[in-house]
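Colleague: I am new to this structure. Please take one part of it and go through that part closely, then say how the rest is built.

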Amino acid sequence: MPETPSQPVPPAPSAQPDETARSAQPAQPGFIPGPPGERIISTDRGLDHGLDKCPRCGSSDVAYSIPDRALVCGYCRNTWNEPVAEEAFNLGTPIEELQGSVLASASRDIADDATTMTIKCQGCGAEIVLKTDESLQARCHWCRQVLSVNHQIPNGAVPDAVLPFTLTREQGIAKIQEFVASRRGFANRAFLREFVPENVKGVYMPYMVVDGNLHAELRGTGEITTRRYTEQRRIGKDTTVTETFWDASVHEVGRSFDILVNDLATESSSRYSRGQEVVATNYVLDAIQPYDTAAAFAYNSNYLSGFTSERRDQNISDLDSDVEEKFLSIGREKVRPTIQQYTRGVRWEGEGVAVRGTRWVTMYVPVWLYSYYQRRGSGEAYVHYIAVNGRTGRTMGSVPVSHPRIFSVACAGATVAAALAAVVGWGSLFL
Ligand SMILES: [Zn+2]
Ligand SMILES: [Zn+2]
């Protein structure tokens, strides 16, 4: 059990890369020294890789049970959970006190992308090779005990926390059936013929969950209509036209305010954020948010047993411009109710977010994922996904559409851009 800090996070040293500031930082339990302005909270279990036994009987036959919402020992039926990560690691200190970057230790940069590792079995001494891209557990070939990756490894495969499934496989299948049934009229016949919802897979997707203590500034021009009137104008001998005029007062508008962002979840596997096909997948994964990330448990690989997991391969530096853009759009939303008086709208000419502090936690979130490989006329394969939030049942996906249907949709005036937006709504128009 890692140590947890017992006091609130003190202010980080100044952003200046100053050695004095760094060494002046008080040593705190649970903190690992990091670069100046960066504070790392250890969430590592501190166990050796290998057996991860039932605390009551010592069996390694442990798996997460969705109906029990707990880890269950297959031998003595003991049930338990790891502590809630936010509480165990003191990751819930007030956001307004965040200064600099606070990183839960598994969100540190990936130092090594090797995915094969060898674990020595404490049961029989055998050495077992494990592909951490696919699983964080393997059964010893010799003594049949389950071996687990029990502490953080530098390739991003082990998160700080796991949010386990609460929606059962059967409930996931029902959601996917419902989704497809409501799109049956549009769907491609081959897809409907080959639709086997039982092929759904339980997948843990890697997310970075970010809190932000921010200051935002927006500057621009707002206009208020003061008068609207029409005038008749003669253009030629017998023709007059009616012209409408508006008078407006023009104002400089500025907004300067603090924002506290709690648990912004960002997907952190490049497989789902690259290339055209995945534009759609990203929409799909975004659309089934949110997750109740505050309920996530401290990592234990037994939660992942029987599911697949996608390894995180993105670092904070790969995600932070995206996160900053999301912070800024949260800011624009927050300002909206304060600019209602500008009846002709506000044009923002300058905007920016100063980040005072952020806190990053890596987490696996549960998704029931159905995929369908469609062969296009050109012979290339295109993957469609239907995803179900493994906590809330929220469902989104892309279903291949039949040609005559697309034609009628296109005639109804859908542009390519609208079609792109619609891809997650009622089917794919990429054909
Ligand atoms: Zn047991
Ligand atoms: Zn063994």
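**The zinc site and its surroundings**

Modeller: Along the chain, the donors of the zinc ion (ligand 1) are spaced as C-x2-C-x15-C-x2-C. Two of these residues tie distant parts of the chain together: Cys57 lies in the loop between β2 (38–41) and β3 (62–65), while Cys76, 19 residues apart from Cys57, lies in the loop between β4 (70–73) and β5 (79–80). This is a predicted model, and in it the zinc ion (ligand 1) is coordinated at 2.3 Å by the SG atoms of Cys54, Cys57, Cys73 and Cys76. The angles among the 4 donor atoms run from 102 to 114°, and the site is tetrahedral. Cys57 has a relative accessibility of 34%, so this residue counts as partly exposed, since buried would require under 20% and exposed over 50%.

As for the rest, the protein has 8 helices and 18 strands. Of its 431 residues, 49% count as buried. Among contacts with a separation of 6 or more, 74% are between residues 24 or more positions apart. The exposed area of the protein is about 21200 Å², with 49% of it supplied by carbon and sulfur atoms.

One helix can be followed further. Helix α6 (residues 316–335) has 20 residues, which at 1.5 Å a residue should span 28 Å; the C-alpha atoms at its ends are 27 Å apart, in agreement. Buried in α6 are Ile316, Leu319, Val323, Phe327, Leu328, Gly331 and Val335. These buried residues of α6 pack against the strands β6 (100–104), β12 (201–234), β13 (240–267) and β16 (346–375).

How values were computed
Residues numbered from 1 in each chain as written. Chains lettered and ligands numbered in written order. Predicted model: local features only at pLDDT ≥ 70, side-chain atom pairs only at ≥ 80, totals over all residues. Heavy atoms only, no water. Helix = DSSP H or I, 4+ residues; strand = E, 2+ residues; numbered from the N terminus. Expected span 1.5 Å × (residues − 1). Buried < 20%, exposed > 50% of the residue type's maximum accessible area, 1.4 Å probe, protein only. Contact = heavy atoms within 4.5 Å. Areas by Shrake-Rupley, 256 points an atom, 1.4 Å probe, with all protein chains shown as cover. Donors = N, O, S within 2.8 Å, 3.2 Å for Na, K, Ca; no water. Tetrahedral: all angles 85-135°; square planar, octahedral: opposite > 155°, others 65-115°.
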